[in-house]
Amino acid sequence: MKEIRYIRVVTEALREELARDPNVFIMGEDVGRGGGSFSATRGLLEEFGPQRVVDAPLAESGFMGLCMGAAMTGLRPVVEIMFMDFVTVCMDEIANEIAKARYIFGGQLQVPITIRTPHGSGGSAGAHHSQCLEAWFTHIPGLKVVLPSTPADVKGLLKSSIRDDDPVLFIEHKGLYALKGDIPEEEYTIPLGKADIKREGSDVTVFAMGKMVFEALKAADVLSGEGISIEVVDPRTLYPLDKEAILNSVQKTGRLVIAHEAVKTSGFGAEIAAIVAEEAFDYLDAPIKRVGAPFAPVPFAKPLEEFYMPSSKHIVEAVKSLL
Amino acid sequence: MDIGKEKALDLLVAMLKGRMFDESIMELFTQGFIPGFIHVGLGQEAVAAGVCRNLRKDDYISITHRGHSQIVAKGVDLKRAMAELFGKEAGFCRGKAGSMHVADSSIGIIGASGIVGAATPIATGAAFSAKYRGTDQVAVCFFGDGASNQGTFHEALNMASLWKLPIIYCCENNSWAQFTNQPTVTKVTEIASKAAAYGMPGIKVDGTDVLAVNDAAITAIERARSGGGPTLLECMVNRWHGHYVGDPQKYRDPEDLEKARKQDPITKFEKKLLKDKIISAEEIEATRKQVAAEIAEAIEFAKQTPEPAPEEALQDVYSA
């Protein structure tokens, strides 16, 4: 094992896939000479050249559509959308074109594209640089949605996403880029659609997404001091979803808290709650609780943002309300 | 330009196929054989013929919602194309596309989008891919004057010129975006002039003159194939029918419509071929009969071939 920062893991995964497959190329704003707005592509232009690491104009619709055309004709683009909020500019390309091409054309064409983009609040970035919009995409058949938490998961899942024949939205978290974690020295991949139990427990299941996995682990530490045992389920991919892992955990604990940083209303947690209500209702000993952001845009000022962001404190409160 | 008898016949056949394909589907739609809604390109056939008959099988095209003559000219199997419009299992897209999205990727047709203007960057991506892979394939993006007002048009042209991509942006300017006349919503109506903003040649031709389109296409394709970069080709055409089949076109001046319908690219070409003694009247008649028979055969096939099994609705959402 080696210790490495989340952001450098992204770079390492990209470097390995660029080296492995000549059809893989990177495109996005500032990804070349600038090395990426968060330095994810640092050094890759120098190593692989401007044909493989392409600085795109400030035109998300244009370069997303271009990458789709490239993907349909033999290449494997990895597109960077600088902030997840900017996907709004290329929603037609993602939701109407990329997601549906295989289906509309009866399986004749495929779009093996990976769209990397960071979501998440916490840096006073304001309403246009902080949103968690993953639920929009899990509502679109044809897309796969990956939302890893740890550096080790980031690497294995990013490599699998790039090798996948379907379009994958790979969501990173800006607030985790500096996080250090252990990853295996040797090459590895992690299959899409496999959840990971980040902590085993027996009293309450916390289904936590992305950065909320760490908040759930903090909550679990706090609660273990009070004799409450938490199981933290990290789905790692939202589509395909490892339903079995969630249902198994709920069958064991009988209680479920769902935690995501996105706005709670119509968030992905609603889908998880519905699945458990439909398929594991008889195992529940308490109502399902959701932790998420309030129904407001992400604010700028520090105290406002701190008030707004869901955290371990909210998870602790939700867990206690079920016992 | 003397194009020779073989090429002349090839262009004529492509135009006739486009014409008769659209004429028959108007009838079949009205009779209830074709579901959904359809858009026909009667009067615009010379553009597809003049461009696509100069492409190779492995060159790419993206088509418009008014794109039947484009796929026909690229060389699709008429039976499977017709079957797709009927929503049959034997259709190119197994009944998932219909008229709006019919495509055959084996001859480089990378589809059509139901979103006007969406295909412009996608076709640009096919050209990017050809250059990246080091092939000499080219891409043609068909679009209309309406699509030129989408941001994607401008974004795509910038990238294509910046990266010298092998693509031809072929505008069929019929001056109508659904029910709205071009000057109502467009300050600069000459699409070709917009090429200047992106540093590429902008060529404007009479899109009812198949030879003019043919000549301009040859130059643009040669430029793209040899690494010279993109061209914006504007072909002035007339839309004879409404936006969709059944559109009564109350928004159009009947006199203008009458004038538009007199601009028939096919009779114009046939007259020229007869005058120049390239083809005889008998040969034209025989050609028309032969194309009509092919279309009839395609219709018969589409009528007989089975519908998809209902469970097919869930196939091909993902690779596995």
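**Exercise 1. The helix crossing**

Task: In this predicted model, determine the hand of the crossing where helix 3 of chain A passes helix 6 of chain B. Then decide whether the pair is parallel, perpendicular or oblique.

Solution:
- Start with the hand. Helix 3 of chain A passes helix 6 of chain B in a right-handed crossing.
- Next, recall what describes a helix pair. Two packed helices are described by the angle between their axes and the distance between the axes.
- Take both values. The axes of helix 3 (residues 60-72) of chain A and helix 6 (residues 119-132) of chain B come within 6 Å and cross at roughly 55 degrees.
- Classify the angle. Helix 3 of chain A is therefore oblique to helix 6 of chain B.
- Find the residues that meet. Helix 3 of chain A contributes residues including A:Gly62, A:Gly65, A:Gly69 and A:Met72. On helix 6 of chain B, the residues met include B:Pro121, B:Gly125, B:Phe128 and B:Ser129.

**Exercise 2. The chain interface**

Task: How many residues of chain A are in contact with chain B, and which helix gives the largest share of that side?

Solution:
- Count both sides. 34 residues of chain A are in contact with 34 residues of chain B.
- List contributors on chain A. Helix 3, helix 4 (91-98) and helix 5 (101-104) each supply at least two residues.
- Pick the main one. Helix 3 of chain A provides ten residues, the largest share.

**Exercise 3. Two domains in chain A**

Task: Where do the domains of chain A lie in the sequence, and which elements of domain 1 touch domain 2?

Solution:
- Set the bounds. The assignment gives domain 1 (2-183) and domain 2 (196-321).
- Place the domains in space. Their C-alpha centres lie 26 Å apart.
- Count the contacts. 25 residues of domain 1 are in contact with 25 residues of domain 2.
- Name the elements. On the domain 1 side, helix 6 (134-138), strand 6 (144-146), helix 7 (151-163) and strand 7 (168-173) of chain A give two or more residues each.

**Exercise 4. The largest nonpolar core**

Task: Which members of the largest nonpolar core touch the most other members?

Solution:
- Look at the whole set. The core holds 202 residues, and A:Val206, B:Ile167 and B:Cys170 touch the most other members.
- Find the main contributor. Helix 1 (residues 4-30) of chain B gives ten residues, the most of any.
- Check chain A. Domain 1 and domain 2 of chain A each supply at least three residues.
- Zoom in on B:Cys170. Among the residues B:Cys170 touches are B:Val47, B:Val140, B:Phe142 and B:Leu233.

**Exercise 5. One glutamate**

Task: Why does A:Glu12 count as partly exposed?

Solution:
- Locate the residue. A:Glu12 sits in helix 1 (residues 6-20) of chain A.
- Apply the count. A:Glu12 has 17 C-beta neighbours inside 10 Å, so A:Glu12 is partly exposed.

Definitions and conventions: Residues numbered from 1 in each chain as written. Chains lettered and ligands numbered in written order. Predicted model: local features only at pLDDT ≥ 70, side-chain atom pairs only at ≥ 80, totals over all residues. Core = buried A, V, L, I, M, F, W, Y, C linked by C-beta atoms within 7 Å. Buried ≥ 20, exposed ≤ 12 C-beta atoms within 10 Å, placed from the backbone. Helix = DSSP H or I, 4+ residues; strand = E, 2+ residues; numbered from the N terminus. Domains from an automatic or database assignment. Contact = placed C-beta atoms within 7 Å. Axes fitted to C-alpha atoms, helices over the stretch in contact; angles between N-to-C directions. Parallel < 35°, antiparallel > 145°, perpendicular 65-115°, else oblique. Left-handed = near helix turned anticlockwise from the far one by under 90°. Lists of a residue's contacts leave out its neighbours within four places in sequence.
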